[in-house]
Amino acid sequence: MLSVKKYAWLVAGLGLGLLFTFIGIYGFTMQQSWEHFLTFLILMMISELHAININQSYLTMEFGFVYASVLIFGPIPAAVMKFLSTLITQGYLRRRYEFKEKFRIIFFNIGQYMISFFGAIGSYFLAVKIFAGNGTIYTALARGVAILVYFFLNNLMVEAYIYLDRNKKPFLKLGQSLINDATTYIIAVPAGIIMSETYNRLGIYAIFLVFVPYIIIVYIYRLYMNLIATNRELRALYDVAATMTSTLDIDEVLEIVLVSIENLAPWDTACLYIYRQNALVPAVYDGFCDSKFRDVRIKPGEGITGSSLLKGKGEIVNNCQKDPRFLHVVGLPQDTKSMMVVPLISGSELIGAISLTSSKNFVYTQKHLTLMSILASQAAVAISNARLFDRTAQMAITDGLTKLYNYRYIYDELERQVNRVKYKGGFFSLIIIDVDHFKTINDMYGHLIGDEILQNLAKVLKDNVREKDVVGRYGGEEFAIILPDISSVEAAGIAERIRQVVEKTELSRTVSGKSLYITVSAGVASYPDDALSVDDLVRKADNALLFGAKQDGRNKVVQFKKNLK
């Protein structure tokens with residue numbers, strides 16, 4: 001496949017070849033003075049440097065000057081003028097680019113302009129022969145054909161370059177580009193005609209009558225767009241701040257931050273990292289082409305992102321492939337050129353970082369960094385508050401010793417499961433487990449040993465059920481396990497497996513080093529087969545435990561039966 005570099009130099013070589021070939025054949029002669037030529041060249045360059053950005057397209061008088069220069073100076077001088085204008089203006093606009101890339105893009109632009117120009121000139125003379133008329137209408141038709149050829153050749157070559165450079169579908173946005181560019185031509189062509197007529201009647205300096213109003217309009221429009229952009233950015237920051245402070249759900253806060261970034265800065269990839277276990281971990285992200293990106297871990301000081309976190313301030317990096325700190329993380333596009341990173345810090349607490357990348361060079365400005373830093377500051381506080389709320393809420397439903405759910409949460413979950421079964425059907429089971437002779441263990445070895453046994457028993461229970469099952473400390477040495485979509489018979493089998501594991505597992509040691517083992521008893525009941533309410537279900541499981549397993553010698557699992565009422 002043709003690479004973007006080969007394509008660029010192919011276009012550049014063909015375009016320059018056409019220019020020098022025609023100069024060699026027809027020579028470089030013009031009737032006007034060099035003063036007029038240089039004045040027109042300067043005005044052309046100024047117009048190219050003052051393009052108006054509209055809907056990801058550029059409104060410029062560039063073609064108006066090309067068109068007028070052909071009418072005033074002739075095709076060859078006009079081509080040379082366009083060559084010089086493009087060389088100087090593109091060199092200035094891309095002055096911060098890496099030399100090889102800058103050189104390639106400048107000469108590609110020169111080449112595609114020359115091909116479009118001479119293609120248009122050739123089509124004009126061909127159209128004149130085809131129409132075979134000398135009237136104004138025939139001349140206008142021939143010029144219209146030339147303008148269309150220039151227009152289509154220019155857009156086709158640029159779209160091909162974008163396709164090869166960014167590996168996107170060929171000519172995906174060609175239609176939109178043609179529509180946007182057509183607006184420029186609708187304005188530029190009449191302007192070119194006016195300039196040539198003004199020159200012929202009033203001289204070179206009368207062209208300023210057309211040029212100066214254009215420059216004034218450009219500056220007024222830029223000021224207007226800057227005001228709109230500033231208003232949009234401030235509004236976005238306000239909306240983000242208002243939305244973030246309206247919720248304490250940390251996942252919702254993270255999504256709000258990611259969505260809001262779109263209104264503040266351009267990006268191909270965006271990631272909000274959370275600082276967890278001494279590393280930055282992707283929390284929410286977009287634009288990455290590999291799902292393995294979620295497993296990325298960046299330590300403080302590692303890469304551009306980790307470096308920004310460690311320094312505590314945002315950073316913009318252009319030509320980031322040349323930066324030794326740049327990490328080629330999985331899923332990041334290969335053509336990444338620009339990167340902006342801002343840390344999330346609340347007080348002295350490291351919260352995370354926001355990282356944006358783009359395939360374009362020098363896409364991020366100091367303004368982008370300032371806006372993102374403001375957003376990062378708000379986001380850090382919101383995430384910190386959400387975390388604090390989450391910890392507080394977790395403490396309200398968690399047993400302090402075992403870190404399992406507490407009695408309150410167990411009852412709430414039983415209510416939820418009952419409602420689920422009522423409205424959606426199905427069943428669930430409850431296991432209540434009690435440590436045998438736990439008072440004796442406390443009396444013999446002390447409460448510290450007793451607490452350690454309960455902590456280790458909690459871990460055994462968690463390790464022997466499914467992730468969606470709910471394990472809690474029901475009270476004292478009693479534990480409860482809620483098993484969604486598990487029948488009473490299946491639950492009894494799970495309880496028996498747990499009983500056997502507990503019986504063989506060392507849960508503590510005495511000061512002298514003696515291993516301590518315990519046994520447990522369990523009662524099992526199911527909803528709706530055994531009970532019609534939460535209280536009834538708990539009572540039935542309790543009865544199976546107390547009047548079944550305990551009375552039958554302990555270290556047993558008993559499934560509820562009617563005779564245990």
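Here are some friendly questions and answers about a buried glutamate and a five-stranded sheet in this predicted model.

This is a predicted model, where local features need pLDDT of at least 70, side-chain atom pairs count only at pLDDT 80 or more, and totals for chains, interfaces and linings use all residues. Residues are numbered from 1 along each chain as its sequence is written, and side-chain values use heavy atoms, with hydrogens and water left out.

Q: Why is Glu 315 called buried?
A: Buried means under 20% relative accessible area, exposed over 50%, and partly exposed in between (1.4 Å probe, protein chains only). Glu 315 has 16% relative accessibility, so it counts as buried.

Q: What makes the pairing of Glu 315 and Arg 325 side chains a polar contact?
A: The term asks for a pair of N or O atoms within 3.5 Å; within protein, one must be able to donate a hydrogen and the other to accept it, and residues adjacent in sequence count only if both atoms are side-chain atoms. The two side chains make such a contact at 2.6 Å.

Q: Why do β9 and β14 count as edges of the sheet?
A: The open sheet runs β9-β10-β8-β13-β14, with mixed pairing. β9 (470-475) and β14 (557-559) each have a single partner strand, so one side of each lacks a neighbour in the sheet.

Q: How do you know that β13 and β14 pair?
A: Two strands pair if DSSP finds at least two bridges between them. β13 (residues 520-527) is joined to β14 by 3 bridges, and the two run parallel. Gly 523 stands opposite Val 558 in β14.

Technical notes:
Helices (H or I, at least four residues) and strands (E, at least two) are DSSP runs, numbered from the N terminus.
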